[in-house]
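The exercises below are meant to be worked through in order, with the model open beside the text. Try each task before reading the solution that follows.

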Amino acid sequence: MMNINIEDGIERSIKHLADPRVQSSIKIQSTIRQSLRDSLVRRGFMEISPTLLSPLTDPLNHPVYDPCITVYGEKMWLTKSMIFHKQIAVQQLKKIFIMSPNIRLETEEKASSGRHLFEFTQIDIEELDASREVMMDLAEVMINEALAGVRSANGAELAFLSRACRPFPRPFNKIAFQDAVANYGEKFEERISKEATAPVWIVDIPLKAREFYDREYPDRPGILRDMDLLWPEGYQEALSGGEREFQYEKIMERIRKKEQAEEQFRWFTELAKRGIRMSSGFGIGIERFTRYVCGLEHVGLTNPFPKIPGTVSL
Ligand code: AMP
Ligand code: MG
């Protein structure tokens with residue numbers, strides 16, 4: 001049976017929902033969601049349904065608890081991201097996005113990072129035959145449109161939170177992963193983000209720091225055609241994305257290099273064997289976007305029912 005005190009949990013939940021910071025951030029998040037959707041639809045992207053349960057999901061590049069369930073005698077996972085589903089769907093649908101709920105049972109120490117929930121939503125975006133640079137341009141435009149949208153729709157909430165919320169000059173600055181490590185050390189994300197007053201791209205992230213599925217530079221083994229975007233003011237990662245590997249042999253080689261079980265990805269690799277085309281995309285976390293805009297200490301303040309790692313709550 002459960003060890004939690006339900007009375008206390010309900011009390012916490014009521015207090016949370018009554019918190020004016022939570023109410024302001026939820027209003028702002030509603031504008032952000034609408035604006036990001038509008039930006040994508042205006043540019044010809046089509047919204048598709050989220051997949052919640054599948055025999056195939058993101059392996060991630062960091063440890064999480066793994067809630068696998070048995071469905072009709074077979075294993076299925078709750079979605080950690082729709083990376084493979086979007087790569088498959090985009091072959092026919094060309095330009096897609098999903099408001100994708102993800103379950104990632106992050107380990108307990110992540111509770112205090114300020115950035116981690118174990119249930120969150122990312123807008124997952126993918127375009128067929130597009131390059132990384134096309135996607136970076138799209139991300140910058142979408143972010144600026146959402147910031148402008150919040151500025152015009154949420155003046156009262158921004159004033160309450162003492163936040164300015166202005167679009168940023170484009171293009172955003174870029175720094176290669178290798179240079180970031182050389183100049184700022186292993187904790188470069190934190191340090192670059194703290195120093196920055198505008199978002200910063202980290203590009204060319206190597207395979208060792210990434211999942212297997214992003215595309216390698218044809219002439220730079222181990223370096224990927226990928227990117228992360230960091231929010232300024234210390235809020236750290238906003239999004240991750242890249243060009244996707246599409247050649248069967250290379251995908252298999254990469255799975256082996258990452259020492260992952262080939263069997264786990266057969267729904268994808270067997271399909272790739274039949275031939276797929278390159279696509280690019282990214283996933284941007286809605287709660288983290290809201291946290292940055294609102295200047296909040298914890299991402300949980302942007303969700304009516306936040307799931308904090310290590311804690312069971314409503
Ligand atoms: P990833 O594919 O791991 O880079 O995730 C895509 C985006 O989702 C990240 O860039 C974050 O904005 C967001 N995200 C990832 N993990 C979490 C988490 N545990 N809690 C809240 N947002 C997250
Ligand atoms: Mg990431």
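Helices, of at least four residues, and strands, of at least two, are DSSP runs that are numbered from the N terminus. The model used in these exercises is a predicted one.

**Exercise 1. Describe the backbone at Pro171 and at Lys94.**

Step 1. Begin by placing Pro171, which belongs to the loop between α5 (155–161) and β9 (173–176). The peptide bond that leads from Arg170 into Pro171 is cis, and its omega is near -10 degrees.

Step 2. Turn next to Lys94, which is found in the loop between α3 and β6 (95–103). Lys94 has a phi near 70 degrees, a positive value in a residue that is not glycine.

**Exercise 2. Classify the ring pair of Phe84 and Tyr213, and locate its two members.**

Step 1. Searching the whole structure gives eleven aromatic pairs. For the rings of Phe84 and Tyr213, the centres are 5.6 Å apart and the planes stand at 80 degrees, so this pair is edge-to-face; the cut-off that matters here is that planes over 60 degrees apart count as edge-to-face.

Step 2. Phe84 is part of helix α3 (residues 83–93), while Tyr213 lies in the loop between β10 (200–203) and β11 (216–217), so that the pair links distant parts of the chain, 129 residues apart.

**Exercise 3. Work out how the protein surrounds ligand 1.**

Step 1. Find the site: ligand 1 sits in the largest pocket. Around ligand 1 there are 14 residues, of which Arg104, Glu106, Leu117, Glu237 and Ser240 come nearest.

Step 2. Sort this shell by class, which gives four nonpolar, five polar and five charged residues.

Step 3. Ask which strands supply the shell: β8 (119–128), β14 (236–243) and β15 (279–285) each provide at least two of its residues, and β14 gives the most, with four.

Step 4. List polar contacts, for which the N or O atoms must be within 3.5 Å. A nitrogen atom of ligand 1 lies 3.4 Å from a backbone N or O atom of Arg115, and an oxygen atom of ligand 1 is 3.5 Å from a backbone N or O atom of Leu239. With Arg288 the side chain takes part, as one of its N or O atoms is 3.4 Å from a nitrogen atom of ligand 1.

Step 5. Finally, consider the cover: on its own, ligand 1 has 480 Å² of accessible area, and the protein covers 92% of that area.

Terms used
Residues are numbered from 1 along each chain as its sequence is written. Chains are lettered from A and ligands numbered from 1 in the order in which they are written. Side-chain values use heavy atoms; hydrogens and water are left out. A residue is near a molecule or strand if one of its heavy atoms lies within 4 Å of it. A polar contact is a pair of N or O atoms within 3.5 Å; within protein, one must be able to donate a hydrogen and the other to accept it, and residues adjacent in sequence count only if both atoms are side-chain atoms. Accessible areas come from the Shrake-Rupley method with a 1.4 Å probe; for residues, only the protein chains shown count as cover. On a 1 Å grid over the protein atoms alone, a cavity is a set of points where a 1.4 Å probe fits but cannot get out, and a pocket is an open set with protein on both sides within 12 Å along at least five of seven lines; lining residues have an atom within 4 Å of a point. A molecule sits in a cavity or pocket if more than half of its atoms lie within 2 Å of its grid points. Ala, Val, Leu, Ile, Met, Phe, Trp, Tyr, Cys and Pro count as nonpolar, Asp, Glu, Lys and Arg as charged, and the others, Gly among them, as polar. Rings of Phe, Tyr and Trp (its six-membered ring) pair if their centres lie within 6.5 Å; planes under 30 degrees apart count as stacked, over 60 as edge-to-face and the rest as tilted.
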